[in-house]
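Here is a walk through one protein model, written for someone who would rather look at the fold than at tables. Keep the viewer open as you read.

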Amino acid sequence: MTRHTTVLVVGAGPCGLAMAAQLRRLDVDVTVVDAHGRPHTGSRAILLWPPVREVLDELGLAEDAARAAVRPAALHYHLGSGGSVRVPLAASDIPLVLPQERTGQLLAQALADRGTTVEWGTRVSRITPAADSVRATLTREADGTQEEIEADWLIGADGLHSSVREALGVEFSGARFPATFLLAEGRITGTTDPAGPGAAHTRGPGAADTGNLSTQEIHYFLARTGVALLAPLPSGEFRLSGAVPAGTAATAEHAQALLDERGPGGLRFTEVRSVALFSSEERVARTLRSGRCFLVGDAAHVHSPIGGQGLNLGIPDTRNLAWKLAGVVHGRLRPSVLDSYDPERRAVIAQTLEATGRMARQAVAGPVAGRVRNLTWKLLQVTGVLTRFYAPMLAGWRSHYPDVLFGAPLPDPKRRTQRSRPRPGTRDPRWTPRPTDALAGRFQLFTHGDPAGPLAARAAQLAADLPDLIAHIPSDSGQEHFVLLRPDGYVAASGGADDLSRAGRRLASLVPALPSGTPAGEGRSR
């Protein structure tokens with residue numbers, strides 16, 4: 001017999017698990033399969049910037065993740081010409097340094113707590129899309145038995161070599177990045193050499209140190225011979241990585257040589273637990289949606305690991321899609337809302353590829369370009385650009401969507417918008433959705449000004465008319481204005497009382513018409 005599920009998620013890496021856990025939080029039936037026989041292991045992607053931290057918070061994992069992670073206070077760039085540039089991280093910008101294996105364990109537990117476990121060793125061998133469903137053949141790797149499953153929706157989260165993407169015939173265009181990287185993890189001891197390129201200002205206040213190298217900072221050594229990353233891990237180990245010449249072997253000796261050549265001097269590995277070579281590619285799927293099938297994470301896009309943006313691009317794919325798909329499944333949103341997934345995520349993918357590509361090229365710059373790079377870093381520090389723009393960019397706050405959620409941009413491009421009010425499609429640490437389950441999947445409207453004024457009255461009426469809008473109307477003084485947040489934390493609209501009326505009409509365009517005679521605020525299930 002054919003099994004039925006509302007959503008079939010193919011792939012149980014962090015993106016697949018995050019996708020499934022968010023859908024279960026929104027009361028959507030989910031089946032998760034993975035061709036591997038057991039969970040993925042290894043540290044792999046270790047930097048979890050705020051876009052991922054917010055998803056962990058919504059799933060109730062924030063405290064467990066924070067306890068298991070390193071929380072770096074700064075990014076420290078040690079210049080090969082001497083001196084250094086230290087970029088302090090504001091509270092809203094701080095990432096978690098957490099091995100991918102542990103991130104996956106936390107997400108799997110959140111999924112299991114909501115009644116769903118992964119079907120390991122189960123490969124999708126055939127996909128047959130239809131107008132109102134997707135049929136797939138599941139093959140059990142242990143004994144070769146097969147099962148047919150019919151899903152209302154299918155999500156490919158099965159990585160770089162995605163079988164879902166291949167079955168759908170979606171082109172994955174791009175190219176391999178022209179460099180090979182060495183990555184080693186292990187224990188390091190010693191005291192940095194004062195004559196080394198990164199000796200100055202390595203100790204952070206209150207930090208626990210290895211020698212005089214702060215373990216509360218992520219270190220980038222911009223040496224004349226190339227760039228090396230040295231990042232503290234929760235286990236007390238360090239990760240070392242950098243581009244290496246062709247022919248370099250994945251050995252502890254070569255890891256030590258990289259540390260000696262580009263590091264501050266005076267440090268040595270006392271134990272190298274793992275060492276590997278890897279290359280990266282920059283590729284993007286031609287489309288992120290094919291009918292009732294969607295691609296997320298590495299199945300949709302891959303890019304240079306420089307800047308630690310891997311999971312921080314993939315997991316927000318799932319956050320963008322989860323609330324939209326859940327709203328359609330429950331009949332609370334029109335299916336047309338799903339049309340915004342591809343253009344919104346494609347825009348952020350392009351922004352990320354541009355940024356990581358630029359950083360990757362700097363990482364393999366030659367001696368002359370390296371000197372220019374180092375001088376540029378000093379200038380950017382003096383002008384404050386690194387703190388104001390660079391750190392928030394890495395943290396994901398500067399990514400933005402085109403204004404396509406409601407089907408078209410705002411009709412009045414000359415509308416006056418104060419600079420203090422966030423624009424549609426942007427994110428702002430001052431405006432983040434509340435992570436309670438009661439607000440999951442709902443738009444949130446925040447008003448400021450007189451709680452008895454016209455803006456507050458319009459907000460209250462709008463919330464009464466639209467069941468999935470929650471209005472927060474605090475007592476406040478000053479000029480009246482509002483911010484309408486999407487369920488995924490991006491701004492849907494902002495402005496004054498007149499703008500709110502227009503935003504309300506646009507929001508109502510996403511909602512199916514209530515049955516005749518149904519009072520506003522009733523008639524739709526969670």
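Arg44 lies in the loop between which two strands? That loop runs between strand 2 and strand 3 (47–48). Bear in mind throughout that this is a predicted model.

## The overall picture

The protein has 12 helices and 24 strands. Of its 526 residues, 54% count as buried. Look at contacts with a separation of 6 or more, and 71% of those in the protein are between residues 24 or more positions apart.

## Two loop residues with a positive phi

Back to Arg44: its phi is positive, about 45 degrees, although Arg44 is not a glycine. Most residues other than glycine have a negative phi. Arg44 is partly exposed, with a relative accessible area of 48%.

Asp27 is another non-glycine with a positive phi, here about 65 degrees. You'll find Asp27 in the loop between helix 1 and strand 2 (30–34). Its relative accessible area is 45%, so Asp27 counts as partly exposed.

## The sheet of eight strands

One open sheet has 8 strands in the order 5-4-14-15-16-11-17-20, and the pairing is mixed. Strand 5 (84–88) and strand 20 (301–302) stand at its edges; each has a single partner strand, so one side of each is left without a neighbour in the sheet. Helix 6 (residues 252–262) packs on this sheet, touching strand 11, strand 14 (217–223), strand 15 (226–232), strand 16 and strand 17. The direction of helix 6 makes about 85 degrees with that of strand 17.

Strand 11 (residues 172–190) is a handy place to trace the pairing. With strand 17 (residues 267–285), strand 11 pairs in the antiparallel sense over 16 bridges. Two positions to click on along this pairing: Ala175 has Glu282 of strand 17 as its bridge partner, and Phe181 stands opposite Phe278 in strand 17. Strand 11 also pairs with strand 16 (residues 238–244), again in the antiparallel sense, over 7 bridges. There, Ala184 has Leu240 of strand 16 as its bridge partner. As a reminder, strands of a sheet pair through backbone hydrogen bonds.

## The sheet of four strands

Further along the chain, an open sheet of 4 strands has the order 22-21-23-24, also with mixed pairing. Which strands stand at the edges here? They are strand 22 (469–472) and strand 24 (491–495); each has a single partner strand, so one side of each is left without a neighbour in the sheet. From one strand to the next, the twist averages 15 degrees.

Strand 21 (residues 443–448) and strand 22 run parallel, joined by 4 bridges. In this pair, Phe446 stands opposite His472 of strand 22. Helix 12 (residues 497–508) lies across strand 21, strand 22, strand 23 (481–485) and strand 24. Its direction is at about 20 degrees to strand 23.

## Helix 10 and the glycine after it

Which residues are buried in helix 10 (residues 385–394)? They are Leu386, Tyr390, Ala391, Pro392 and Leu394. An α-helix has 3.6 residues a turn, so residues three or four places apart point the same way. Just after helix 10 comes Gly396, with a positive phi of about 90 degrees.

## Cavities inside the model

How many cavities of 30 Å³ or more does the structure hold? There are 4. The largest cavity has about 170 Å³ of space. It is lined by 17 residues, and the closest to its centre are Arg25, Glu58, Ala440, Gly441 and Pro487.

What is the make-up of that lining, split into nonpolar, polar and charged residues? The residues divide into 8 nonpolar, 3 polar and 6 charged. Helix 1 (14–25) and helix 7 (310–329) each supply at least two residues of the lining. Helix 7 gives the largest share, 3 residues.

Conventions:
Residues are numbered from 1 along each chain as its sequence is written. This is a predicted model: local features need pLDDT of at least 70, side-chain atom pairs count only at pLDDT 80 or more; totals for chains, interfaces and linings use all residues. Side-chain values use heavy atoms; hydrogens and water are left out. On a 1 Å grid over the protein atoms alone, a cavity is a set of points where a 1.4 Å probe fits but cannot get out, and a pocket is an open set with protein on both sides within 12 Å along at least five of seven lines; lining residues have an atom within 4 Å of a point. Grid points are joined across faces, edges and corners, and a volume is the space filled by probe spheres set on the points. Ala, Val, Leu, Ile, Met, Phe, Trp, Tyr, Cys and Pro count as nonpolar, Asp, Glu, Lys and Arg as charged, and the others, Gly among them, as polar. Two strands pair if DSSP finds at least two bridges between them. Axes are lines fitted to C-alpha atoms, for helices over the stretch in contact, and angles run from 0 to 180 degrees between N-to-C directions. Contact means heavy atoms within 4.5 Å. Buried means under 20% relative accessible area, exposed over 50%, partly exposed in between (1.4 Å probe, protein chains only).
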